[in-house]
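Dear colleague,

I am passing on the structure we spoke about, and below it you will find my notes on what turned up. Please read them with the model open beside you.

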Amino acid sequence: MIRYKSLLNRRDFLLGLGATPLALGAGGISSSVEAHLQVDQASCSWPMTTEIVSMSTPNQLVTLPYSDGTLIEAKIVFNLDSSGVALKDIFDDSKILTNNDTIITNLGSSYATVFLPDYTVEGISKSIPPRKATVVRNEVAVRKASASETPNGNSTNGPVHLAFIRTGSPRNMANVLQNSKLWQSYTAAGCWPSGIGPYPLWMSTRAQLANLELSFDPWAAANQATPSGKGPANFSISSNLWWLPSMSDAAVHHCHYQNFIEVHTQLFGVGRMQKFDDRVARTLDCSTPGVFPLGTTNPTPSTSYYGVPGITSNDSAFGQGMYEEYRLAPGDTNVPFPYVDDNMNFIYPWHQYYADTDCLWVVWEFNPII
């Protein structure tokens, strides 16, 4: 009881920073059409988006729009080549966060290699696969991997685009939300469907990465067999940061505002990406009123609703139906969740992000270019 009361107070406190609480509908949930069709961007005060265009030149360095110059430094290097770049050059040897970890996420379709420029012992260099991340420090440099540095000599024809993100110390990171130019409340922005929330979820400004010449097989990326006649597709990338306080969640959902394949790289704190059971009566279609919310048209879960604050179960940690989770510490990147159908629709299971501690993570949305 005490822990739950503390959680409610924490939510109330954080929502008081700028969110407008939303009342729950009858029975604690809203109508079937509203609850899990995510609100269209037109009715949501979506964060400002900055388009960043790759110029197809080697080692193009760009600052991502959610850098604040104090607690977050976020850069991207487009078209990393075999000569590579060093951390000290990427961050211009800045005094901000110099001694902190740097989390590198590979957003390209070929491998990148981490190496020490002055240390040439064979085997010391290790590769970062596409859509994976690692944590580095100090004199490290990175370059595009050679065929001999990749499994089975995998093709090195695709580009390597690397994101480099540093964050402040645990003592200071809660202050990041004070920058109202970079952050806004998801609830206050009207992005939850009517009657859902409030949730203490915060989102940063967004980046739209274009002209990437990025092509990969989405079925293989989702660990599926590629259907006959199908293969690689071209992608752009959308990205922004998300923040949740400890013991909070971002609500169980399976529909998104666009058709994309997403991965999350943990930047700060410890969190989880969780999957929930689709109950007996269900549909995975996100385009019609047949998308049912939790506990209304669908059979009511046996022990509780989940994903709705204020309605809890004493005998199940996350409500009935949670069957798998990926636990995320800084640098961890979850495997893609969706099932990819023959028409390249990304069909997600019911899922949510849960924060064990105060958490900051970055979302990479790979958007197919049709």
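Strand β16 pairs with strand β17 (residues 322-328) in the antiparallel sense, over 6 bridges, and another 6 bridges join β16 to strand β20 (residues 350-355), again running antiparallel. Please keep in mind throughout that this is a predicted model. Q274 is a convenient residue to look at here, since it stands opposite E325 in β17 and also opposite Q352 in β20.

As for the surroundings of β16 (residues 271-276), 6 of its 6 residues are buried, so the strand is largely enclosed by the rest of the structure. G271, M273 and K275 point one way from β16, while R272, Q274 and F276 point the other way, and all are buried. In a regular strand the side chains alternate between the two faces of the sheet.

The charged residues of this region are also worth a look. The side chain of K275 meets that of E324 in a salt bridge, at 3.3 Å from N to O, and this pair links β16 with β17 across 49 residues of the chain. K275 is buried, with a relative accessible area of 11%, whereas E324 is partly exposed at 31%. In addition, R272, E325, R327 and D356 are linked in a network of salt bridges.

In total the structure holds 9 salt bridges, and two others join distant parts of the chain. One of them is formed by the side chains of R166 and E73, at 3.8 Å from N to O; R166 lies in strand β10 (residues 162-167) and E73 in strand β3 (residues 72-78), 93 residues apart. R166 is buried, with a relative accessible area of 5%, and E73 counts as buried too, at 8% relative accessibility.

The other is formed by the side chains of E365 and R206, at 3.1 Å from N to O. Because E365 lies in strand β21 (residues 359-368) and R206 in strand β12 (residues 202-216), this pair ties together parts that are 159 residues apart in sequence. E365 counts as buried at 4% relative accessibility, and R206 is buried with a relative accessible area of 4%.

Finally, there is an open sheet of 4 strands in the order β4-β9-β6-β7, with antiparallel pairing, whose edge strands, β4 (85-86) and β7 (126-128), each pair on one side only. Within this sheet, β6 (residues 112-115) and β9 (residues 141-144) pair over 4 bridges, and T113 stands opposite R143 in β9.

With best wishes

Methods
Residues are numbered from 1 along each chain as its sequence is written. This is a predicted model: local features need pLDDT of at least 70, side-chain atom pairs count only at pLDDT 80 or more; totals for chains, interfaces and linings use all residues. Side-chain values use heavy atoms; hydrogens and water are left out. Two strands pair if DSSP finds at least two bridges between them. Helices (H or I, at least four residues) and strands (E, at least two) are DSSP runs, numbered from the N terminus. Buried means under 20% relative accessible area, exposed over 50%, partly exposed in between (1.4 Å probe, protein chains only). A salt bridge is a side-chain nitrogen of Lys or Arg within 4 Å of a carboxyl oxygen of Asp or Glu.
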